[in-house]
Amino acid sequence: MKKLVFVAAALALLLSACAQPGTPPVCTAPLKPALEIDLYFGRDKQAGGEVSESEWAQFLAEIVTPRFPDGLSVLNVEGQARDPSSGGRIVRERTKLVVVVVFDAPAHRARVREVVEAYNQRFGQHSVFRSEQPVCAGI
């Protein structure tokens, strides 16, 4: 019983240390509160084929970079998700992960929406997975 109480107390302490969603983190100088945005661009096209490296480079240069000129990172990742339209089958696809850190939240929302809509329209996608989390950032 003592072990269970200790585990419960430790879990409660651990959970209370986590920042609440939307709560800016407490940062030590020179770091400042910011928001990390992760955008997962699946490369499979609805009409068949895959977004090529040259198509991606053109999209990045024309659409993403002008909206986030202060910097971003692009990583090649392997993604997988459950496809509800195929009875829940796991589908895998090559993916471009774009990581952007902004200091002007929530002003970034319109720019992210423009990027997502442009990708969906240009490559016949139905969505871009997105996650956001508060971070401490700086140079």
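Helices and strands here are DSSP runs, helices of at least four residues and strands of at least two, numbered from the N terminus. The model is predicted.

**Exercise 1. Place the cis peptide bonds.**

Task: Find which residues the cis peptide bonds at Pro30 and Pro106 join, and where each proline lies in the fold.

Solution.
Step 1. Start with the background: most peptide bonds are trans.
Step 2. Pro106 lies in the loop that runs between strand 3 and helix 3 (108-123). Its cis bond comes from Ala105, with omega near 5°.
Step 3. Pro30 sits in the loop between helix 1 (2-16) and strand 1. Here the cis bond joins Ala29 to Pro30, and omega is about 10°.

**Exercise 2. Outline the fold.**

Task: State how many helices and strands the protein has, and give their order.

Solution.
Step 1. The count is three helices and four strands.
Step 2. Read from the N terminus, the order is α-β-α-β-β-α-β.
Step 3. Turn to contacts with a separation of 6 or more: 70% of them are between residues 24 or more positions apart.
Step 4. Of the 139 residues, 27% are buried. The accessible surface is about 9,400 Å², and carbon and sulfur atoms account for 60% of that area.

**Exercise 3. Analyse the aromatic pairs of Tyr119.**

Task: Classify the ring pairs that Tyr119 forms with Trp56 and with Phe59, and say which elements they link.

Solution.
Step 1. The cut-off needed is that ring planes over 60 degrees apart count as edge-to-face.
Step 2. For Trp56 and Tyr119, the angle between the planes is 75° and the centre-to-centre distance is 6.2 Å, an edge-to-face pair. Trp56 belongs to helix 2 (residues 53-67) and Tyr119 to helix 3, and the two are 63 residues apart.
Step 3. For Phe59 and Tyr119, the ring centres are 5.2 Å apart and the planes stand at 70°, so this pair is edge-to-face. Because Phe59 is in helix 2 and Tyr119 in helix 3, the pair ties together parts 60 residues apart in sequence.
Step 4. Check burial, for which the limit is under 20% relative accessible area. Phe59 has 0% relative accessibility and therefore counts as buried. Tyr119, at 0%, also counts as buried, and Trp56 is buried.
Step 5. Widen the view: ring pairs join Phe41, Trp56, Phe59, Tyr119 and Phe123 into a cluster. The structure holds nine aromatic pairs.

**Exercise 4. Describe the two pockets.**

Task: For the largest pocket and the second largest pocket, give the volume, the central residues and the make-up of the lining.

Solution.
Step 1. The largest pocket has a volume of about 600 Å³. Its lining has 21 residues, and those closest to the centre are Ala81, Val91, Glu93, His126 and Ser127.
Step 2. Strand 1 (32-42), strand 2 (73-83) and strand 3 (89-102) are the elements that give two or more residues to this lining. Strand 2 gives the most, five residues.
Step 3. By class, the lining of the largest pocket has six nonpolar, nine polar and six charged residues.
Step 4. The second largest pocket holds about 340 Å³ of space. Of its 16 lining residues, Asp70, Gly71, Val101, Val102 and Phe103 lie nearest the centre.
Step 5. Strand 3 supplies the largest share of the lining of the second largest pocket, with four residues. That lining divides into 10 nonpolar, three polar and three charged residues.

Notes: Residues numbered from 1 in each chain as written. Predicted model: local features only at pLDDT ≥ 70, side-chain atom pairs only at ≥ 80, totals over all residues. Heavy atoms only, no water. 1 Å grid on protein atoms, 1.4 Å probe; cavity = no way out; pocket = protein on both sides within 12 Å on 5 of 7 lines; lining within 4 Å. Points joined across faces, edges and corners; volume = space filled by probe spheres on them. Nonpolar A, V, L, I, M, F, W, Y, C, P; charged D, E, K, R; others polar. Phe/Tyr/Trp six-rings, centres within 6.5 Å; stacked < 30°, edge-to-face > 60°. Buried < 20%, exposed > 50% of the residue type's maximum accessible area, 1.4 Å probe, protein only. Contact = heavy atoms within 4.5 Å. Areas by Shrake-Rupley, 256 points an atom, 1.4 Å probe, with all protein chains shown as cover.
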